[in-house]
Amino acid sequence: MNTSDERIARGQRKIDWAVSRMDLLNMLRDEFRNERPFAGHRIGMSIHLEAKTACLAILLRDGGAEVFITGSNPLSTQDDIALALAGEAGISVHARHGVSEDEYVEHLREVLAAKPDLILDDGGDLVRLLHEGDTEGVIGGCEETTTGVDRLRRLDREDLLRFPMFAVNDAKMKYLFDNRYGTGQSVWDGIIRSTNLLVAGKEVLVVGYGWCGRGIAMRAQGLGARVSVCEIDPVKAVEAVMDGFTVAPLVEAIGTADLLITVTGCCDVVTKEALRNANDGLILSNAGHFDVEIDKPALEELAVSTRTVREGICEFTFDDGRRVYLLGDGRLVNLVLADGHPVEIMDISFALQALTLRHIAASGKLSPALYAVPTEVDQRVAWMKLTALGIEIDSLTKAQQAYLGLAP
Ligand SMILES: NC(=O)c1ccc[n+]([C@@H]2O[C@H](COP(=O)([O-])OP(=O)(O)OC[C@H]3O[C@@H](n4cnc5c(N)ncnc54)[C@H](O)[C@@H]3O)[C@@H](O)[C@H]2O)c1
C-alpha cells in the first residue's frame with residue numbers, strides 16, 4: 001500500500017468506527033434510502049471535516065443529495081477523512097488541513113460554485129460568502145453553532161437575510177448535549193492529549209459560563225481541578241457561584257491560573273493587560289468558534305522569545321522570565337488537537353441537522369428569516385435517543401392531561 005492508500009484506509013477505519021456508534025444516523029439511513037428526501041437537491045456543507053461529519057455527508061447522499069463539502073476552520077480538517085470521503089460517489093470534497101485564510105475562502109467558493117440549494121453551515125462563513133453573491137435557488141439551510149446563530153440573528157435583525165436559515169444550535173437536543181457534554185469532554189480530550197499533563201490539583205479558569213463553559217467547568221471539577229469562572233453576565237456569574245466555583249475578573253484570576261479556557265464567542269477576551277498578569281506556566285486555550293478570544297498579537301508583543309515545545313504547543317517567554325503556553329494557535333482546542341466531540345454527541349446533533357434539512361426540503365419556499373428547529377424534530381430526536389439507549393419513560397394518563405389542562 002502506498003502512503004496515500006494508507007491514509008485513505010486509516011480515514012475509512014475512523015469513519016467505520018464512528019458509524020458503528022451513530023445509532024440515530026443508522027436509524028435514519030433506511031428511512032432516507034427509501035424516501036430519498038434530497039433527490040434532485042445539492043447540499044453545500046461547511047463544517048469541521050472529521051469522521052462524524054463524513055457519516056452525515058454519506059447519510060445525506062444516501063437520502064438522494066449531491067453533497068459538496070468543505071471545512072469550517074483551517075486547522076480542523078483531517079486529511080485522511082477528506083481523502084476517504086472523496087472516494088464516495090456523489091460527494092465532492094474541497095478541504096485540506098492547514099490551509100491559508102485565502103485557500104480556506106477559495107474552498108468555500110468552490111462549494112458555492114456547485115450552486116447548492118440546501119446549506120449546512122458551522123460558524124456562518126459559508127452563508128456570509130453566499131450573501132456576497134447570488135442566492136437565487138437557495139431553499140434554505142441550517143446553522144450548527146452558537147457563533148453562527150449569533151451572526152444570522154444580526155443579519156435577520158437588519159433584514160439582510162436572503163433565505164431561510166434554521167438555528168440548529170438552539171434546539172434543546174443540541175445545546176443541552178453538544179455544547180455542554182460534548183464540549184465539556186472534548187476540550188479536556190484536546191488539552192490532555194496535547195499536553196500529557198495532570199488536571200487534578202490545577203487551577204482551571206473557564207472564561208464564559210454559557211452552555212459550553214458549564215460543561216468544561218463541570219468536567220474540570222470531576223478531574224480534580226480547582227475551578228474559577230469569569231463572566232460578564234450577572235445571572236451566569238451567580239449560577240457559577242452556586243455551582244461551587246470561584247468567580248472573579250479575568251485580570252485578577254489569570255494571576256493564579258494554571259490552565260485557562262476561553263469559550264465566550266466574543267472577541268478580545270484575554271487582553272494584553274490580562275496577559276501581563278499571567279501566572280508563570282499558564283496554559284492558554286480556546287474553545288470558542290473563532291480564534292479572536294485570546295489576543296495573539298499581544299502575546300507576540302509581550303514575548304522576548306517564542307518556540308514550539310511540543311506539537312500544537314507554543315511557548316512565549318516574557319522579559320521577566322515568565323512563560324505562557326498557547327495550545328492549537330488559539331483555535332478550537334478540541335477540534336485542532338483532538339477529534340472534536342464524542343461520536344454519540346455528534347450522532348444527536350447530526351440527526352437534528354438531517355431531519356431539519358429534510359423539513360426545509362419538504363417545506364418548499366419559506367420566507368427569508370431565522371427559524372427555530374420545529375419542536376416535532378427536537379422531540380423526535382429525543383425519542384430516537386431513548387430508543388437507542390433502550391430506555392422507556394412514563395406518559396401522562398388522560399386524567400393527568402385534563403388536570404394539567406393539556407389537549408388529549
Ligand atoms: N469547541 C466546540 O466544539 C464548540 C461547540 C459548541 C459551541 N462552540 C462555540 O463556543 C462559543 C460559546 O458557545 P456557548 O453555546 O457556550 O454560548 P453561550 O452564549 O451559551 O455562552 C457564552 C457565554 O460567554 C459569556 N461571555 C460573553 N462575552 C464574554 C466576555 N468578554 N468575558 C466573559 N464572558 C463572556 C456570555 O455571558 C455567555 O454566558 C461560541 O463561539 C460557540 O460557537 C464551540
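In the predicted model, helices H8 and H15 are roughly antiparallel to each other, because an angle over 145 degrees counts as such. The axes of H8 and H15, the latter spanning residues 343-363, cross at roughly 150 degrees and come within 9 Å. The crossing of this pair is left-handed. On the H8 side the contact involves Met173, Lys174, Phe177, Asp178, Tyr181 and Gly182, and on the H15 side Ile345, Ile348, Ser349 and Leu352. Sorted by class, the contact of H8 with H15 comprises six nonpolar, two polar and two charged residues.

Helix H8 (residues 172-195) also packs against helix H9 (residues 211-222), at an angle of about 45 degrees and with the axes 7 Å apart. H8 is therefore oblique to H9. The crossing of H8 and H9 is right-handed. H8 contributes Tyr175, Asn179, Arg180, Tyr181, Thr183, Gly184, Gln185, Val187 and Trp188 to this contact, while H9 contributes Trp211, Cys212, Arg214, Gly215, Ile216, Met218 and Arg219. Eight of the residues in the contact of H8 with H9 are nonpolar, five are polar and three are charged. Tyr181 is listed in the contact of H8 with H9 and in that of H8 with H15.

Two open sheets are described next. One has eight strands in the order S9-S8-S7-S10-S11-S14-S13-S12, and its pairing is mixed. The edges of this sheet are occupied by strand S9 (246-247) and S12; each has a single partner strand, so one side of each lacks a neighbour in the sheet. H9 packs on this sheet, where it touches strand S7 (203-207), strand S8 (226-230) and strand S10 (259-262). The direction of H9 makes about 170 degrees with that of S7.

At the S12 edge, strand S12 (residues 303-310) is hardly covered, with a count of zero buried residues among its eight. S12 runs antiparallel to strand S13 (residues 313-318), and six bridges join the two strands. Within this pair, threonine 306 has phenylalanine 316 of S13 as its bridge partner, and serine 305 stands opposite threonine 317. S12 and S13 form a hairpin, with two residues between the strands. In the turn, glycine 312 has a positive phi of about 85 degrees.

The other open sheet has seven strands, ordered S3-S2-S1-S4-S5-S6-S15, and its pairing is parallel. Strand S3 (91-93) and strand S15 (370-372) stand at its edges; each has a single partner strand, so one side of each is left without a neighbour in the sheet. From one strand to the next, the twist of this sheet averages 20 degrees. S15 is joined to strand S6 (residues 165-167) by three bridges, and the two strands run parallel. The bridge partner of methionine 165 in S15 is leucine 370. Helix H3 (residues 51-62) lies across strand S1 (42-46), strand S2 (66-70) and S3. The direction of H3 is at about 160 degrees to that of S2.

Definitions and conventions. Residues are numbered from 1 along each chain as its sequence is written. This is a predicted model: local features need pLDDT of at least 70, side-chain atom pairs count only at pLDDT 80 or more; totals for chains, interfaces and linings use all residues. Axes are lines fitted to C-alpha atoms, for helices over the stretch in contact, and angles run from 0 to 180 degrees between N-to-C directions. Helices (H or I, at least four residues) and strands (E, at least two) are DSSP runs, numbered from the N terminus. Angles under 35 degrees count as roughly parallel, over 145 as roughly antiparallel, 65 to 115 as roughly perpendicular and the rest as oblique. A crossing is left-handed if the near helix is turned anticlockwise from the far one by less than a right angle, and right-handed if clockwise. Two residues are in contact if their C-beta atoms, placed from the backbone, lie within 7 Å. Ala, Val, Leu, Ile, Met, Phe, Trp, Tyr, Cys and Pro count as nonpolar, Asp, Glu, Lys and Arg as charged, and the others, Gly among them, as polar. A residue is buried if 20 or more other C-beta atoms lie within 10 Å of its own, exposed if 12 or fewer, and partly exposed in between; C-beta atoms are placed from the backbone. Two strands pair if DSSP finds at least two bridges between them.
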